[in-house]
Amino acid sequence: MDYVEISNSMIVYLLCGITVALAFVQAVLYIRMAKKMTVKANIPATVPKTAFRVGLISAIGPALGVFIVMVGLMTSIGGPMAWQRLSIIGAAPTELTAATLGAEAAGAELGGAGFTLKVMAVSWFVMALNGAGWLVVTGLFTPALENLRTKMSGGDSKWLVVMSGACSLGIFGYLDVNEIGKGWGNAAAVAGGIIGMAILEKFVAKKVPKIREYNLGIAMIIGMLFAIIYDMAVGA
């Protein structure tokens with residue numbers, strides 16, 4: 001049996017399916033907990049519904065990107081492992097990098113010449129080790145970070161909102177800078193998203209307030225269109 005046959009075998013699907021099923025159960029439990037907390041906190045029922053709808057729509061763009069990478073990974077590490085890794089992690093570039101580094105460490109090219117069953121096993125191990133680090137750090141330090149955030153805010157709810165907003169801007173700004181550095185196509189996507197969000201917030205949302213909850217998803221699509229237009233222009 002070669003690595004392609006083994007990596008796509010039924011037993012591997014069953015084993016990977018256990019992890020995916022656990023992730024699905026966790027998502028269901030989080031939704032149930034959120035609904036119960038909504039009642040305890042006397043939050044209007046429309047708020048969680050709106051939040052869920054916004055999150056669902058905003059996730060479409062990133063999910064499509066993850067799906068495309070998953071299709072590429074399936075040819076080298078097998079369908080079950082690609083399905084499992086991107087179902088629980090979702091960081092497509094990170095998983096692709098981990099698989100590539102694992103193959104290179106074993107002296108082969110991912111899915112290319114010299115990629116054998118042993119090399120695939122190394123790639124799987126590197127991907128699992130990479131994900132395990134995130135889980136360990138999150139499990140150990142998340143409670144402490146929450147306490148630190150509370151102390152920094154001094155119990156002031158308004159300052160906590162400002163600080164959280166500033167952190168979000170810093171995180172997304174850092175991610176944007178990294179994307180811009182990858183080339184003009186990525187820069188066009190970032191610029192398109194910024195322009196799209198500005199237009200939506202400045203002009204459209206004032207006339208149609210309900211569209212505000214879809215702004216992020218729409219801005220992401222606009223950014224993609226900018227990147228496609230740039231690639232077509234350069235290709236022409």
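Me: Are Y3 and F115 buried or exposed?
Reply: Happy to start there, with a note that this is a predicted model, in which local features need pLDDT of at least 70, side-chain atom pairs count only at pLDDT 80 or more, and totals for chains, interfaces and linings use all residues. Residues are numbered from 1 along each chain as its sequence is written, and side-chain values use heavy atoms, leaving out hydrogens and water. Buried means under 20% relative accessible area, exposed over 50%, and partly exposed in between (1.4 Å probe, protein chains only). By that scale, Y3 and F115 are both buried.

Me: Which kind of aromatic pair do Y3 and F115 form?
Reply: Rings of Phe, Tyr and Trp (its six-membered ring) pair if their centres lie within 6.5 Å; planes under 30 degrees apart are stacked, over 60 edge-to-face, and the rest tilted. The ring centres of Y3 and F115 are 5.0 Å apart and their planes stand at 75°, so this pair is edge-to-face.

Me: How many residues apart in sequence are the parts that Y13 and W83 tie together?
Reply: Y13 and W83 make a tilted pair, with 6.4 Å between centres and 45° between planes. Y13 sits in helix α2 (residues 10–40) and W83 in helix α5 (residues 79–88), helices being DSSP runs (H or I, at least four residues) numbered from the N terminus. The pair therefore ties together parts separated by 70 residues.

Me: Is C16 buried or exposed?
Reply: Its relative accessibility is 4%, and the cut-off for buried is under 20%. C16 therefore counts as buried.

Key: Helices (H or I, at least four residues) and strands (E, at least two) are DSSP runs, numbered from the N terminus.
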